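Open your viewer and keep the selection box at hand. This tour goes from stop to stop, saying what to select and what you will find there.

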Amino acid sequence: MLSSFSSRNQSLRFPHFLLRQIQKFLTFHSHPPHHPSSPAGSSKPKSSFDPNFAKSSSNSLPHSTSFHQPSTLANSVDFDQNTVLETLSCYANDWKRASEFFNWVETHCGFEHSTETFNRIIDILGKFFEFDLAWNLIEHMRKNACSLPNHITFRILFKRYVSAHLVKEAISTYDKAEEFNLKDGLSFSYLIDALCEYKHVIEAEEICLGKNNKDLILYVDTKIYNMILRGWFKMAWWSKCREFWEEMDRKGIHKDLHSYSIYMDIQCKCGKPWKAVKLYKEMKKKGIELDVVAYNTVLLAMGRSDGVDFAIRLYREMTELGCKPNVVTYNSIIKLLCESGRIREAYKVLVQMRVKGCAPNVITYHSIFGYLEKPREILKLFDRMTHSGVSPRMDTYVMLMRKFGRWGFLRPLFVVWEKMEEHGLGPDEHAYNALIDALVEKGMIDMARKYDQEMLEKGLSAKPREALGTKLVSG
């Protein structure tokens, strides 16, 4: 296992010092890692919330019998906090291995865990619904002044409970925070944020605005309202978003920059960019100073409702007011120019980005790829992208392959396929399907069948195709 870990070091890009420390840890291992997608004993959330469990349990995670006794090598290992945190992150998809390392580094190497390292292992345990073990550790934390639970500890628990749809347990956790003197406005905002992030907005609104929770009204401010508004946005309940926005006015809730940024984004996403522009003008009248996020939202909305030239004027306005554009700003302008058929101007903005000290990203190039109509020009821009240090993603390759496939150009399609393999990316099912569709369209059935079989051998799902004899039989 140690040798296989070393061989993967380059692809995982671990720092050399971290690799050495992990290898020393792995020296004490004898069992293979568990598959991250099916952790033993974690197939079902443990929803029972028993505050007394931790008190009656031992003060640490279960020690694995796969460890040897302390040795000279173990005692000579010098772990610092960053090394422990990074190593735990490496085991984020294997809670048992993370637990073993957490115990090993303390018992065999004399490392004293801090609040930060406890929080990291609690986050990993929560990811796999090991909440009883997490509470066991929290009880252990309170015994050492150097590792007392903090607001981040409870934020992690809120997030993991709510992501598992254990809302009652998350609320009980907020009440239990009082034992640690952490039941305050910050913990309350973390609870509401977790509920809204994972689409439990109805429960969040009931907690904040319900008639039976008047004792919490002290903590309900503009920030909390913004969280709930963003929650309705994430659920794409546009009518509820509008209703809640109007309710803020009726209740006299102060709307800040973040409030307007969220609602402008809502108007754009629901297909009403002109309303976002109207909100922008309202902000200007109120004297609200926009940040780059708000400007980016308005810029795209203005480009969609009034045209790209108005968006460029807004770009100039933001720079004159001292708001520095970011990559999203330039990407929006490039996309708007391409949508208007002004490809050459989009190229000029691409050059201007680097002059202004803003490096393009893969989305920048995607915006242009979508509107180019000549294979040679596309491949030239692709080479320009890779030579500039921007790495293509899998969806970059799939987009270009589908584009060439629709046009019936197999040669540039295979050029992209080969570049994908050169860059170390194995084709996924979308890439295979794009290639096979193009081959079938050109009548190259034997070659298409070869890739279809290769795909199946890799365990990928191939599309049913009548030409290959794989059409689904109805009934």
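## First stop: a helix pair

Select Phe154, Leu157, Phe158, Tyr161 and Val162 in α10, then add Glu169, Ala170, Thr173 and Tyr174 in α11: these two groups of residues meet each other. Sorted by class, the residues of this contact of α10 with α11 comprise 7 nonpolar, 1 polar and 1 charged. Do keep in mind as you look around that this is a predicted model.

Now show the two helices as a cartoon, taking residues 151-163 for α10 and residues 167-176 for α11. Their axes come within 8 Å and cross at roughly 165 degrees. Since angles over 145 degrees count as roughly antiparallel, α10 is roughly antiparallel to α11. The crossing in which α10 passes α11 is right-handed.

## Zoom out

Reset the view and colour by secondary structure. How many helices and strands does the protein have? There are 27 helices and 0 strands. Of the 475 residues in the protein, 48% are buried. If you draw a contact map, consider the contacts with a separation of 6 or more: residues 24 or more positions apart account for 66% of them.

## Second stop: another helix pair

Next, select residues 375-387 for α23 and residues 410-422 for α25. Which way do these two helices run relative to each other, parallel or antiparallel? They pack at an angle of about 15 degrees, with their axes 11 Å apart. An angle under 35 degrees counts as roughly parallel, and α23 and α25 are therefore roughly parallel to each other. This crossing is left-handed.

To see the contact itself, show side chains for Pro375, Leu379, Phe382 and Asp383 of α23, together with Pro412, Val415, Val416 and Lys419 of α25. By class, the contact of α23 with α25 has 6 nonpolar residues, no polar ones and 2 charged ones.

## Third stop: a residue after α27

Move on to Leu468, in the segment after α27 (445-457). Is Leu468 buried or exposed? Its relative accessibility is 8%, so Leu468 counts as buried, the cut-off for buried being under 20%.

What does Leu468 touch, leaving aside residues up to four places away in sequence? Select Ile436, Val440, Ile445, Ala448, Arg449 and Asp452 to see these partners. Try a distance label too: the C-alpha atoms of Leu468 and Arg449 are separated by 6.4 Å, although the two residues are 19 residues apart along the chain.

## Fourth stop: two positive phi angles

Here are two loop residues for your backbone check. Asn181 lies in the loop between α11 and α12 (185-197). Although Asn181 is not a glycine, its phi is positive, at about 60 degrees. With 71% relative accessibility, Asn181 counts as exposed.

Then go to Ala236, in the loop between α14 (222-234) and α15 (238-250). Ala236 is another residue other than glycine with a positive phi, here near 60 degrees. At 37% relative accessibility, Ala236 counts as partly exposed.

## Last stop: cysteines

Finally, select the cysteine sulfurs. How many disulfides does the structure hold? It holds 0. Cys270, for one, is in no disulfide: the nearest cysteine sulfur, that of Cys241, is 8.0 Å away, whereas a disulfide needs the two sulfur atoms within 2.5 Å. Switch on a surface to see how the cysteines are placed. Cys270 is partly exposed, with a relative accessible area of 24%, while Cys338 is buried, with a relative accessible area of 2%.

Methods. Residues numbered from 1 in each chain as written. Predicted model: local features only at pLDDT ≥ 70, side-chain atom pairs only at ≥ 80, totals over all residues. Heavy atoms only, no water. Buried < 20%, exposed > 50% of the residue type's maximum accessible area, 1.4 Å probe, protein only. Axes fitted to C-alpha atoms, helices over the stretch in contact; angles between N-to-C directions. Helix = DSSP H or I, 4+ residues; strand = E, 2+ residues; numbered from the N terminus. Parallel < 35°, antiparallel > 145°, perpendicular 65-115°, else oblique. Left-handed = near helix turned anticlockwise from the far one by under 90°. Contact = heavy atoms within 4.5 Å. Nonpolar A, V, L, I, M, F, W, Y, C, P; charged D, E, K, R; others polar.
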